[in-house]
Amino acid sequence: MATWNSRGLRGSLLEEMVNHTIEMYREKELALIQKIPTPITPIEIDQSSRHITLAYFDAKSTVDYIGAVQGIPVCFDAKECRETTFPLHNIHEHQVKFMEDFEKQGGISFFLLYFTKLERFYYLTLDELLFFWNRMEDGGRKSFRMDELKEEYFFESPNALWVPFLPMLQKDLDRR
């Protein structure tokens, strides 16, 4: 059973940016997407601040976000990476299986990657992830490099508040 310690996971910049983005998209009636909380069982609570300081994860989470964009079901996960190589151990087999099943039901699954050192985002389609995933399972690299990714799915934020992923989703839809 995995443990969670609030000092290690106080929230990420990417998560805050995505949450702000999905709220803006909701206000503009472009999308309705929810952050899916990871279920935990609190073990220790700091009585003075009433914050959880130690907890256990109850179950494996599937994806970070799920919802609909203009009637299209979407699910995605957001991941940060400090380096220019993304380790596949940051993605779990049950997440990949959920996303594959989601797409079989007519939805769109993807990952939003944030390469923090370069301040660049990448829209990773499920198909592209599966290429790297299958390569790993066949005994190949357990990561992928930025230079292996498709240039047209890189994007930047016009400000430090949001992650404009809808144009990338449109590119994904156009290629299907």
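**A buried aspartate and its surroundings**

Asp172 is buried, with a relative accessible area of 0%. This residue lies in helix H4, and setting aside residues up to four places away in sequence, Asp172 touches Ile108, Tyr123, Thr125 and Tyr153. The model is a predicted one, and a look at the chain as a whole helps to place this aspartate.

The chain folds into four helices and eleven strands. Of its 176 residues, 38% count as buried. Among contacts between residues at least 6 apart in sequence, 64% join residues at least 24 apart. The accessible surface comes to about 10,300 Å², and carbon and sulfur atoms account for 51% of that area.

Confidence in the prediction can be summarised by a mean pLDDT of 87, with 85% of the residues reaching 70 or more. Residues 1-11 have a pLDDT below 50, and this stretch makes 20 contacts in the model beyond near neighbours in sequence. Where pLDDT is low, the predicted coordinates should not be read in detail.

Helix H1 offers a good place to continue. It spans residues 13-27, 15 residues in total, and reaches 21 Å from its first C-alpha to its last, close to the 21 Å expected at 1.5 Å a residue. Buried in H1 are Leu14, Met17, Val18, Thr21, Ile22 and Tyr25. These residues cover an arc of only 130 degrees around the axis, so they sit on the same side of H1. The pattern fits the geometry of the α-helix, in which 3.6 residues make a turn, so residues three or four places apart point the same way. On the other side of H1, Glu16 and Glu27 are exposed.

What do the buried residues of H1 pack against? Their partners are five strands and a helix: strand E2 (31-35), strand E5 (65-69), strand E6 (72-81), strand E8 (108-115), strand E9 (120-125) and helix H4 (166-175). Helix H4, which also holds Asp172, is thus one of the elements against which the buried side of H1 packs. After H1 comes Glu29, whose phi is positive, near 55 degrees.

Two further residues other than glycine have a positive phi. Gln70 has a phi near 50 degrees and is placed in the loop between E5 and E6, where Gln70 is exposed at a relative accessible area of 57%. Glu119 has a phi near 55 degrees; this residue is found in the loop between E8 and E9 and is likewise exposed, with a relative accessible area of 55%.

Phe155 belongs to strand E11, which covers residues 154-155. Is Phe155 buried or exposed? Its relative accessible area is 8%, under the 20% cut-off, so Phe155 counts as buried. Leaving out residues up to four places away in sequence, Phe155 touches Leu112, Arg120, Phe121, Tyr122, Tyr123, Val163, Pro164, Phe165 and Met168. One of these, Phe165, lies ten residues from Phe155 along the chain, and the C-alpha atoms of the two are separated by 8.3 Å. Tyr123 is touched by Phe155 and also by Asp172, which brings the account back to the aspartate of the opening.

Finally, the cysteines deserve a word. Cys75 is buried at 0% relative accessibility, and Cys81 is buried too, with a relative accessible area of 6%. A disulfide is a covalent bond between the sulfur atoms of two cysteines; the structure holds zero disulfides.

Key: Residues are numbered from 1 along each chain as its sequence is written. This is a predicted model: local features need pLDDT of at least 70, side-chain atom pairs count only at pLDDT 80 or more; totals for chains, interfaces and linings use all residues. Side-chain values use heavy atoms; hydrogens and water are left out. Helices (H or I, at least four residues) and strands (E, at least two) are DSSP runs, numbered from the N terminus. Buried means under 20% relative accessible area, exposed over 50%, partly exposed in between (1.4 Å probe, protein chains only). Contact means heavy atoms within 4.5 Å. Accessible areas come from the Shrake-Rupley method with a 1.4 Å probe; for residues, only the protein chains shown count as cover. pLDDT is the predictor's confidence in each residue, from 0 to 100. A disulfide is a pair of cysteine sulfur atoms within 2.5 Å. The expected span of a helix is 1.5 Å times one less than its number of residues. The arc is that of the directions from the helix axis to the C-beta atoms.
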